[in-house]
Amino acid sequence: MILASFKQNKSLGCSEGRYPVKRHLVGSAAGVALALVLTGCGKGGSSGGADADGKTIRFVAAKYDDDTQPYWENLIKDFEAENPGYQVELEVVDWEQIDSKVKTYTQTGQQPDVLNYNKFSDFARDDLIHRAKDVVSPKVLDDFLPIFADQAQYEGVQYGLPFISSARLFFYNKDIFDKAGISEPPSSWAEVEDAAEKVKKAGDIPLGLPLGAEEAQAEFSIWAMNNGGGWTDKSGQWAVDQRANVETLDFLQKLTKAGLTQPNPEATNRKDVFNQFAQGKIGMINGAVFMRKGFIDTVDKKLNYGVAPLPSKDGTTHNTLGVQDYLVAFKKDEDKNREAVNKFLDFFYQKKNASKFLSTEGFLSVTKSAGDALSADSAYYKPFVDALSGARFAPTGNPNWATVEGAVKQRIGTAVSSAEPEEVLSEIQKTAEKDG
Amino acid sequence: MSAVTAETAPTAEPAAEISAKGAATAARRRRPPRLRTVLLTAVGWLVALTFLAPYLQMLLTALKPTQELMKSPPSYLPSRWEWSNFADVWSLKDPPVSDALWFSLYVAGMSTLLALAVGLPAAYYTARNRFRGRGAFLLLVLVTQMFAPTALLVGIYREMVSLDLTDTAEGLILVNAAFNLPFCIWILNAYFASIPKELEEAAYMDGAGRLGALARVTLPLALPGVVTALVYTFIGAWNEYVVALTITSSGDRTTLTKAIPGFVTAYQEQWQYLFATSLIAIVPVVVLFVFVERYLISGLTAGGIK
Amino acid sequence: MSVQDVTARIVGAEEDRTPAAPERGSRRPRPARRLRALEPLLWLGPALVLILAVVVWPVVEMVRTSLMDISSTGLTRGFAGGANYTELFAEPDLPGVVLRTLIWVVGVVTVTITVSLGLAQLLNARFPGRRLVRWALIVPWAASVLMTALTWRWMLNNFYGVVNRVLMDVGILDKPVNWLADPVQSFAWMMAVAVFVSLPFTAFVILSGLGTIPAEVYEAARLDGAGPVRTYLGVTLPLLRPSLLVAAIINVINVFNSFPVIWAMTRGGPGFSTDTTTTYMYKLAFDNQDVGESAAMAVVNFALILLVVLVYLRVVRHREETG
């Protein structure tokens with residue numbers, strides 16, 4: 001039977017796709033219908049695993065390094081032991097991928113209950129997250145250091161929960177400085193240039209300047225803020241193209257073109273610069289508090305380096321770049337998870353738990369209690385903690401910051417190589433002013 | 001020796017006229033001249049070396065101790081052979097590579113089976129029959145190949161949510177099978193179409209059913225195509241990264257590809273583990289290939305078909 | 001029989017031809033037309049369901065997204081109509097990106113196919129160790145493209161990369177070159193890496209194609225007195241046409257959508273000078289935080305691929321008909 005039909009079919013057809021598409025439409029309509037039925041069956045299945053009784057929550061944490069996952073797993077075990085019936089589902093995501101995951105979750109309505117992230121204000125603007133005071137106890141709320149709590153505000157209300165912070169200082173290689181005949185670390189830009197010339201003559205790379213896409217915004221803002229520049233003006237409006245910023249890039253461009261930096265700053269990432277410094281090849285860099293754990297100790301524990309305040313244009317005031325990461329709690333349809341979220345967050349912010357994370361990962365504390373616990377290991381951390389009093393932060397409270405940061409990462413490197421600082425900055429300013 | 005030459009003498013002349021130059025010749029010769037073999041072997045080995053070079057470099061780097069990894073200028077060989085890098089990554093890291101390996105194997109294997117199971121009938125039928133919508137079907141197959149999962153992440157994720165397949169191997173299997181299916185159908189269609197129908201007709205005449213003819217005559221002849229589709233789908237599913245990243249969330253559902261980039265973050269750099277894991281990831285695919293490679297070439301050249 | 005007959009037989013196997021077997025139609029009554037029309041559904045059904053459900057649905061989603069106004073968090077704010085498209089086409093970097101994408105695709109695919117033809121011949125010939133060479137060739141395909149790209153980035157680094165070391169030791173360079181910092185040099189290297197990872201697959205497709213060419217064809221050619229070059233051009237290449245078609249189209253598609261090579265090696269930088277449409281699309285979503293515009297780019301990217309492939313098919317069909 002099949003054979004017969006097979007032959008019939010063959011003699012039937014010189015016509016192919018030219019034929020009226022009706023048959024094809026029927027076929028595909030059937031397929032689509034089938035698919036829709038399938039999806040209808042599955043819909044409303046799980047809301048990502050969270051439980052009906054509000055005792056299971058989803059927590060997405062960012063991966064800092066290998067110690068992050070074990071830390072959270074242990075913390076969750078302790079939490080679940082102390083609070084029977086409550087469960088936390090953990091997901092650890094690389095920083096590289098977390099943007100994509102978070103956007104996917106938000107777009108599909110699958111936000112977790114708690115998220116460890118570096119932004120919060122656009123969530124606040126879109127009314128996606130709880131206010132800080134709604135998800136932690138007053139004791140925890142008070143424990144946040146004011147300098148960090150202030151940064152976590154959107155339109156005057158605190159939404160973000162400060163998680164960890166870092167500060168930057170000027171790292172210099174004492175051996176290289178000795179070789180070049182420099183006795184003191186530079187504190188003004190003129191001295192930086194001078195020291196750089198000396199180091200270059202002595203045969204090493206003077207200044208490490210990572211303006212590659214990885215963290216260009218941090219590097220740029222460190223220099224800019226020590227020239228009185230920054231991202232916004234005094235009233236909080238975007239002022240990326242201000243005079244002080246242009247001067248900063250002019251200075252950096254001058255250094256680059258004079259060969260006083262590593263080759264091609266616009267294409268070099270922070271990782272590589274940190275590593276070369278740890279190998280003793282670079283004389284000076286803007287380093288971060290976590291450099292020791294992640295980059296120096298792994299290469300050369302005996303590196304002879306010193307730490308100094310970041311150089312500023314005139315050498316008087318020295319600002320540092322403060323960076324903090326946040327925890328945020330997403331609003332869910334029914335509020336049933338809020339109690340569990342509250343419990344979990346309060347548990348984390350207990351002194352012993354929070355300070356354990358900081359000492360494991362090498363960051364600075366954002367709470368008073370954890371900060372006290374950390375001062376034991378003070379020799380290395382003290383300068384960073386002190387510098388925090390003069391810390392300037394990125395305007396994370398402005399929902400457009402993510403867009404500006406993206407534009408800076410992409411473009412700013414070109415300002416020291418192929419393009420002119422003024423044009424690059426005005427491009428970025430345009431992006432900032434566009435309604436994101 | 002000379003007897004052989006004498007016997008083949010009548011045909012030797014035209015053959016001798018044909019140049020004995022190396023790789024450009026396509027035909028099979030009765031007895032290749034020695035120079036040609038030597039040349040071919042040399043070129044062959046050179047080619048092999050070129051293709052293996054980056055991976056040898058990966059291997060050497062994976063065996064270096066941490067301090068030496070990014071030394072500038074770099075050393076060619078490790079000063080100390082750190083085989084422990086492989087051991088560490090196999091069982092000590094979180095998640096251990098051994099777990100990720102099995103998970104990846106499962107996902108890739110099942111995706112391949114699914115794609116072939118679904119694609120073989122479709123390709124066979126399309127190759128053998130004219131039916132209304134055939135052209136449209138082939139066009140659909142061609143067009144859906146043009147979409148890379150990277151652009152479709154949100155839609156895929158949303159779909160997995162409604163099918164309740166997030167964070168499951170089954171979800172990954174479906175997606176991988178579906179995205180590799182167009183290629184399978186395309187290439188199987190080409191192979192089936194190139195096999196003359198007469199061969200199947202002959203089998204029908206001898207009493208084999210339609211499926212019997214398919215199994216006994218057509219499939220063996222289309223084996224190169226089937227194997228190509230198999231290898232392509234397996235590798236596609238094995239190395240798939242973005243969808244695995246998006247769909248899975250818990251630690252025990254990690255594919256190998258997901259585990260790899262995590263070694264180098266903004267806060268730590270463990271290139272030796274990254275390279276070690278990548279090398280481990282290559283092994284199963286090569287093993288698979290070693291097994292199926294001979295089927296790639298069998299075909300009508302087996303002779304004796306007529 | 002002559003070469004032409006054999007070629008025609010094999011290439012034309014698809015076409016409607018009278019079967020040699022006697023008519024068997026009298027065995028059973030003809031099934032109803034309706035039933036017969038559903039037969040394709042039986043064979044094609046599962047494939048259709050899988051494709052439509054898992055591929056087409058997200059595509060619909062993607063097109064829908066390109067018409068929406070999406071906030072930086074991912075939340076949908078409302079219908080945007082063509083606004084994302086107009087914004088996309090107004091981007092000053094777009095023309096460069098599109099041009100570069102075309103250079104990327106044409107360059108990589110032509111080199112890949114040309115070299116693969118030679119490689120397939122090599123792998124088809126008999127010599128000791130052929131097996132091992134074939135196994136070696138699978139390695140770049142077996143390794144994920146991301147891995148290979150990262151390895152090459154590692155090797156090209158101006159501080160610790162081995163390429164510079166080798167070139168300096170051999171005497172070609174006297175100080176390290178930062179290959180990936182210059183847009184043109186890095187683009188050339190990335191194209192080379194893309195060719196590198198595409199060669200195994202293409203070579204094997206052509207190799208399988210070579211395997212389907214029966215020995216009689218070469219015999220016939222030899223009897224006709226054809227030399228190796230004429231045999232290759234006149235017999236082998238035409239018979240390879242189906243494989244070449246598959247290889248070319250798959251390569252065009254994969255290379256167009258290729259993301260890891262450029263992303264891992266230069267991240268499309270400095271600035272946008274090494275971006276192709278796929279990396280640019282990613283940047284729009286995650287640097288510019290504009291998911292809607294990114295979806296628009298994805299749609300445009302797809303349209304480009306479709307255009308290129310259709311043009312290619314038209315050219316091939318035209319050549320078939322006239323040749």
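Okay, let's start where two chains meet: helix 3 of chain B passes helix 5 of chain C in a left-handed crossing. Before I go on, remember that this is a predicted model.

So who is touching whom in that crossing? On the chain B side, helix 3 brings Gly44(B), Trp45(B), Val47(B), Ala48(B), Phe51(B), Leu52(B) and Tyr55(B). Helix 5 of chain C answers with Arg130(C), Leu132(C), Val133(C), Ala136(C), Leu137(C), Val139(C) and Pro140(C). Sorted by class, the contact of these two helices has 12 nonpolar residues, 1 polar and 1 charged.

Now the geometry. The axes of helix 3 of chain B and helix 5 of chain C, residues 130–142, come within 8 Å and cross at roughly 30 degrees. Anything under 35 degrees counts as roughly parallel, so that is what we call helix 3 of chain B relative to helix 5 of chain C.

Stay on helix 3 of chain B, and look at helix 6 of chain C, residues 145–156. What angle do these two make? Their axes cross at roughly 75 degrees and come within 10 Å. Helix 3 of chain B and helix 6 of chain C are therefore roughly perpendicular to each other. Here Pro54(B), Gln57(B) and Met58(B) meet Thr148(C), Thr151(C), Trp152(C) and Met155(C). That contact splits into 4 nonpolar and 3 polar residues, with no charged ones.

Let's zoom out to the whole B–C interface. We have 96 residues of chain B in contact with 87 residues of chain C. Helix 3 of chain B, residues 34–62, is one of the elements giving two or more residues to the chain B side, and the others include helix 5 (97–128), helix 8 (169–194) and helix 10 (210–238) of chain B. By class, the side of chain B that touches chain C holds 65 nonpolar, 23 polar and 8 charged residues.

Next, inside chain C. Helix 4, residues 94–124, and helix 11, residues 241–256, have axes that come within 9 Å and cross at roughly 140 degrees. That makes helix 4 of chain C oblique to helix 11 of chain C. Which hand does the crossing have, left or right? Helix 4 of chain C passes helix 11 of chain C in a right-handed crossing. If you want residues to click on, those in helix 4 of chain C include Trp104(C), Val108(C) and Ile113(C), and those in helix 11 of chain C include Ala248(C), Asn251(C) and Phe256(C). The contact as a whole has 10 nonpolar residues, 3 polar and no charged.

Last stop, chain A. It is divided into domain 1 (56–165 + 323–393) and domain 2 (168–288 + 400–433). The domain centres, taken over C-alpha atoms, are separated by 30 Å. How many residues touch across the two domains? 7 residues of domain 1 of chain A are in contact with 5 residues of domain 2 of chain A. Helix 18 of chain A gives the most to the domain 1 side, with 3 residues. That side divides into 3 nonpolar, 1 polar and 3 charged.

Chain A also has an open sheet of 4 strands, order 8-9-7-10, with mixed pairing. Strand 8 (205–208) and strand 10 (305–308) of chain A are the edges, each pairing on one side only. The twist averages 25 degrees from one strand to the next. Strand 7 of chain A, residues 168–173, pairs with strand 10 of chain A in the antiparallel sense, over 4 bridges. There you can find Phe171(A) standing opposite Val307(A).

Notes
Residues numbered from 1 in each chain as written. Chains lettered and ligands numbered in written order. Predicted model: local features only at pLDDT ≥ 70, side-chain atom pairs only at ≥ 80, totals over all residues. Axes fitted to C-alpha atoms, helices over the stretch in contact; angles between N-to-C directions. Parallel < 35°, antiparallel > 145°, perpendicular 65-115°, else oblique. Left-handed = near helix turned anticlockwise from the far one by under 90°. Nonpolar A, V, L, I, M, F, W, Y, C, P; charged D, E, K, R; others polar. Pairing = 2+ DSSP bridges. Domains from an automatic or database assignment.
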